[in-house]
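This report describes a structure for a reader who has not met it before. Please look over the sequence and the model, which follow here.

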Protein chains: 2
Amino acid sequence: MTAQRRLLVGIIQDSPRHLDAAALLKIARKQDPDIDRATVYRTLALLKNRGLIDELDLMHIEGEKHYYEAKTNRDHCHMACFRCGAIMEYASSSFEKLKAEMVKQSGFHIRVVRLEVGGFCKRCQKGVTS
Amino acid sequence: MTAQRRLLVGIIQDSPRHLDAAALLKIARKQDPDIDRATVYRTLALLKNRGLIDELDLMHIEGEKHYYEAKTNRDHCHMACFRCGAIMEYASSSFEKLKAEMVKQSGFHIRVVRLEVGGFCKRCQKGVTS
DNA sequence: ATAACTGCAAATCTTTTGCTTACAG
DNA sequence: CTGTAAGCAAAAGATTTGCAGTTAT
């Protein structure tokens with residue numbers, strides 16, 4: 001693994017929020033001003049294929065870009081608030097059960113799971129028509 | 001609702017497979033050769049906002065485009081095979097339970113749910129290394 | 001009239017690719 | 001050596017937008 005890739009991985013792991021490619025590039029450039037967009041995208045593709053990161057859309061709340069996060073031991077759902085833009089995560093044994101059931105009933109071999117929810121968070125529900 | 005919109009809605013409802021904007025446009029043009037790409041996108045946005053259709057990514061198995069399907073009474077998961085490209089749907093009471101649990105525990109008001117799974121279907125698993 | 005819808009062309013945004021040079025095993 | 005990685009610039013693909021003309025209420 002090259003220094004640039006280590007840098008990118010480190011940034012993704014340390015980030016408290018989900019980063020898109022552009023944000024990741026911007027942060028990376030503080031450490032290595034010469035790093036290129038293409039390197040970021042190539043590294044993201046590589047990490048994704050190796051199963052080290054997950055790719056998210058976050059319900060396209062903010063354009064068509066993708067967001068990334070380091071793979072966690074437990075799959076979790078992302079809930080995106082259409083009003084305030086907050087992203088909440090949710091993991092539960094029910095989710096694990098559902099996955100197990102899917103595998104059992106369909107024989108599908110799961111490699112990646114993405115469960116995303118769009119709606120309104122608790123705080124934003126007041127005054128929301130629908 | 002205009003004639004063009006009705007046409008587009010009809011195509012989405014009748015399609016056995018998930019259509020992307022380009023495919024939808026192509027089909028629509030058989031009936032109305034003058035319909036424009038922009039109209040398709042504008043209509044899709046409108047239908048999505050009204051909750052009449054769901055937008056899917058199908059794990060980006062085939063590029064970054066989006067796919068659409070008429071909203072069904074029951075939310076379901078899409079499983080996409082990385083090898084053969086097959087898309088399988090999966091609905092179950094466990095999924096409903098999970099959603100109910102999420103609502104209860106987080107107070108989030110769910111408007112849209114998207115559960116997508118990538119991996120290998122039963123038939124494609126033979127000979128797959130990882 | 002007034003507001004919503006459409007076609008057209010151009011623009012925008014994100015992501016990918018070809019090519020050449022630089023580096024690592 | 002030989003393969004992989006990186007920078008750069010250009011391309012590609014999907015979606016959006018401004019504007020002017022059209023249709024519907």
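## A first contact with DNA strand D

A phosphate oxygen of DNA strand D has a polar side-chain atom of Y41(B) at 2.6 Å. This is a polar contact, that is, a pair of N or O atoms within 3.5 Å; within protein, one of the two must be able to donate a hydrogen and the other to accept it, and residues adjacent in sequence count only if both atoms are side-chain atoms.

The structure is a predicted model, in which local features need pLDDT of at least 70 and side-chain atom pairs count only at pLDDT 80 or more, whereas totals for chains, interfaces and linings use all residues; side-chain values use heavy atoms, with hydrogens and water left out. Residues are numbered from 1 along each chain as its sequence is written, and chains are lettered from A and ligands numbered from 1 in the order in which they are written.

## The surroundings of DNA strand D

DNA strand D is surrounded by 16 residues, the closest being Q4(A), R5(A), D34(A), T39(A) and Y41(B). A residue is counted as near a strand if one of its heavy atoms lies within 4 Å of it. Sugar or phosphate holds 71% of the atoms of DNA strand D within 4 Å of the protein, and the rest belong to bases. Two residues of chain A also reach phosphate oxygens of this strand through polar side-chain atoms: Q4(A) at 2.7 Å and R5(A) at 2.5 Å.

Chain A contributes α1 (3-14) and α3, and chain B contributes α3, each with at least two residues of the surface near DNA strand D. Helices (H or I, at least four residues) and strands (E, at least two) are DSSP runs, numbered from the N terminus. The largest share, 4 residues, comes from α3(B). By type, the residues of this surface are 5 nonpolar, 4 polar and 7 charged. Here Ala, Val, Leu, Ile, Met, Phe, Trp, Tyr, Cys and Pro count as nonpolar, Asp, Glu, Lys and Arg as charged, and the others, Gly among them, as polar.

## The surroundings of DNA strand C

Around DNA strand C there are 16 residues, and the closest are Y41(A), Q4(B), R5(B), D34(B) and T39(B). Of the atoms of DNA strand C that come within 4 Å of the protein, 70% are accounted for by sugar and phosphate. The backbone of chain B approaches phosphate oxygens of this strand at two residues: a backbone N or O atom of I35(B) lies at 3.5 Å, and a polar backbone atom of D36(B) at 3.0 Å. A base is reached as well, since an N or O atom in the side chain of R42(B) is 3.0 Å from a base oxygen of DNA strand C.

At least two residues of the surface near DNA strand C come from each of α3 (37-49) of chain A and α1 (3-14) and α3 (37-49) of chain B. The element that gives the most is α3(A), with 4 residues. This surface divides into 5 nonpolar, 4 polar and 7 charged residues.

## Helix α1 of chain A

The 12 residues of α1(A) should span 16 Å at 1.5 Å a residue, and the end C-alpha atoms are 16 Å apart, which agrees. The expected span is 1.5 Å times one less than the number of residues.

Within α1(A), the residues L7(A), L8(A), V9(A), G10(A), I11(A) and I12(A) are buried. Buried means under 20% relative accessible area, exposed over 50%, and partly exposed in between (1.4 Å probe, protein chains only). Among the elements of chain A that cover these buried residues are β1 (19-20), α2 (21-31), α3, β2 (53-56) and β3 (67-70), where contact means heavy atoms within 4.5 Å.

## How the two chains are related

A turn of 180 degrees and a shift of 0.0 Å along the axis lay chain B on chain A with an RMSD of 0.0 Å. That is the relation of a two-fold axis. The superposition is by least squares on the C-alpha atoms of residues with pLDDT of at least 70 in both copies.

Among the residues of chain B, L115(B) comes closest to the rotation axis, at 2.1 Å (C-alpha). The copies meet through the same surface, because 100% of the interface residues of chain B are also interface residues in chain A.

## Individual residues

Q31(A) belongs to helix α2 of chain A and is exposed, with a relative accessible area of 64%. Its C-alpha atom is separated by 33 Å from that of L115(A), and the two residues are 84 residues apart along the chain.

Most residues other than glycine have a negative phi. L58(B) has a positive phi of about 50 degrees although it is not a glycine, and M59(B), also not a glycine, has a positive phi of about 55 degrees. L58(B) is found in the loop between β2 (53-56) and β3 (67-70) of chain B, and M59(B) is placed in the loop between β2 and β3 of chain B. L58(B) is buried, with a relative accessible area of 6%, and M59(B) is buried with 11%.
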